[in-house]
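Student: I would like a close look at one part of this protein. Please take me through it step by step, and show me how it sits in the whole.

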Amino acid sequence: MPINGDRKHKKRFNVEAYVFIALSLVSFSMLLFSTRSFVIDFRDMGLSLFSGIRGSIYGISSLVSRTVLSVQELATLRREYAELTDRMTRYEQMERTAAEIRQENNRLREQLGFAETLRFRHIPAQIIGRDPDNLFSALVINKGKRDGLANNMPLIAYQNGIQVLVGKVVQAGQFESLVLPVYDLSFYASARLSDSRYEGLVEGQGNPETPLLMRSIPKRAREEINHGDLIVTSGIGGVYPPGITIGRVSTILYQEYETSMSVEMEPSIDFSRLEYVFVIDVETNPEEKEREGLDG
């Protein structure tokens, strides 16, 4: 019996101890949660948490803003680069145009200086095209009858410091004229060798890149003709005034059985660079008119 009573007493003590401990823990917890320090710490935690979130949001928004601004700046830079490139292109075109104008002025000044030395009445003209009906052999100039042009008027040009024969007018229109160049197959002109003075007939061979031909030269002139000899117009026939350069001897053609000899010549004019010409009015030579006036 005493043993059973001790056991009951010990069990009751254990239950009371457990209850005491539980109540102590509850009381401590309630006391802990009710203190001001804990409330302050909790608010600090919330503030820190929200501050971190707000900082992250600000960082992200700043990054997005900077990215948008960078994209806008890049678009602006590209637009400004395109504008500068276009402006540079225009400046380069203006510079090229200015250089071309200077070159054109120099050429015109050169032509004007040459025109002042001509003893014949002359009409300056410009090459403006080629006649497609003549296999691009005939030239078209921008002067016609209203400027005083007529058929068979000779044309000369100033190139490389010398006056050179170009051809003659074969069809004078009202505002434009058709010119037969020296290289055309139907072109003929009386000429002579400048040094030996032997005469012949110059004709074209159909192409500006092909040498001209001077035929009907006396065979006795063979020993006096050399490569590079100058050939000029003779003035015979009255169409071309004498002394106008045609070209220089490039090949001597001689056959024993023929009664005359021929030479090929390189034209002194470069038709690929020909822009300006002078139409000569041989019938109105100022010197002859002056003499006629004195005689009258």
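**A patch, then a sheet**

Tutor: Start on the surface of this predicted model. Ile60, Val64 and Val68 form a nonpolar patch there. Together, the three have about 260 Å² of accessible area. Look at valine 64 within that patch. Valine 64 belongs to helix 2, which covers residues 36–115. Is valine 64 buried, exposed or partly exposed? Its relative accessible area is 48%. Buried means under 20%, and exposed means over 50%. Valine 64 is therefore partly exposed, because 48% falls in between.

Now step back to the whole protein. It has three helices and twelve strands. There are 296 residues, and buried ones make up 29% of them. The protein exposes about 19900 Å². Carbon and sulfur atoms supply 57% of that area. Next, take the contacts with a separation of 6 or more. Residues 24 or more positions apart account for 54% of these.

Next, go to strand 6, residues 188–193. It pairs with strand 7, residues 199–203. The pairing is antiparallel and runs over five bridges. Find arginine 192 and look across to strand 7: its bridge partner there is glutamate 199. Five residues lie between the two strands of this hairpin. Arginine 197, in the hairpin, takes a positive phi near 70°.

Strand 6 has another pairing, with strand 9, residues 230–233. This one is antiparallel too, over three bridges. Here, leucine 193 has isoleucine 231 of strand 9 as its bridge partner. So far, then, strand 6 pairs with strand 7 and with strand 9.

Follow the chain on from strand 9. Serine 234 is found in the loop between strand 9 and strand 10, the latter being residues 245–253. Is serine 234 buried or exposed? Its relative accessibility is 8%. The cut-off for buried is under 20%, so serine 234 counts as buried. Set that beside valine 64, which is partly exposed at 48%.

What does serine 234 touch, leaving aside its neighbours within four places in sequence? Its contacts are Ser190, Ala191, Arg192 and Pro242. Arg192 is the residue whose bridge partner in strand 7 is glutamate 199. There is also a polar atom to find on the side chain of serine 234. It lies 3.3 Å from the backbone nitrogen of isoleucine 236.

Key. Residues are numbered from 1 along each chain as its sequence is written. This is a predicted model: local features need pLDDT of at least 70, side-chain atom pairs count only at pLDDT 80 or more; totals for chains, interfaces and linings use all residues. Side-chain values use heavy atoms; hydrogens and water are left out. Patches are made of residues with over 30% relative accessible area and no salt bridge: like charges are joined within 9 Å, nonpolar side chains (Val, Leu, Ile, Met, Phe, Trp, Tyr) within 5 Å. Accessible areas come from the Shrake-Rupley method with a 1.4 Å probe; for residues, only the protein chains shown count as cover. A salt bridge is a side-chain nitrogen of Lys or Arg within 4 Å of a carboxyl oxygen of Asp or Glu. Helices (H or I, at least four residues) and strands (E, at least two) are DSSP runs, numbered from the N terminus. Buried means under 20% relative accessible area, exposed over 50%, partly exposed in between (1.4 Å probe, protein chains only). Contact means heavy atoms within 4.5 Å. Two strands pair if DSSP finds at least two bridges between them. A polar contact is a pair of N or O atoms within 3.5 Å; within protein, one must be able to donate a hydrogen and the other to accept it, and residues adjacent in sequence count only if both atoms are side-chain atoms.
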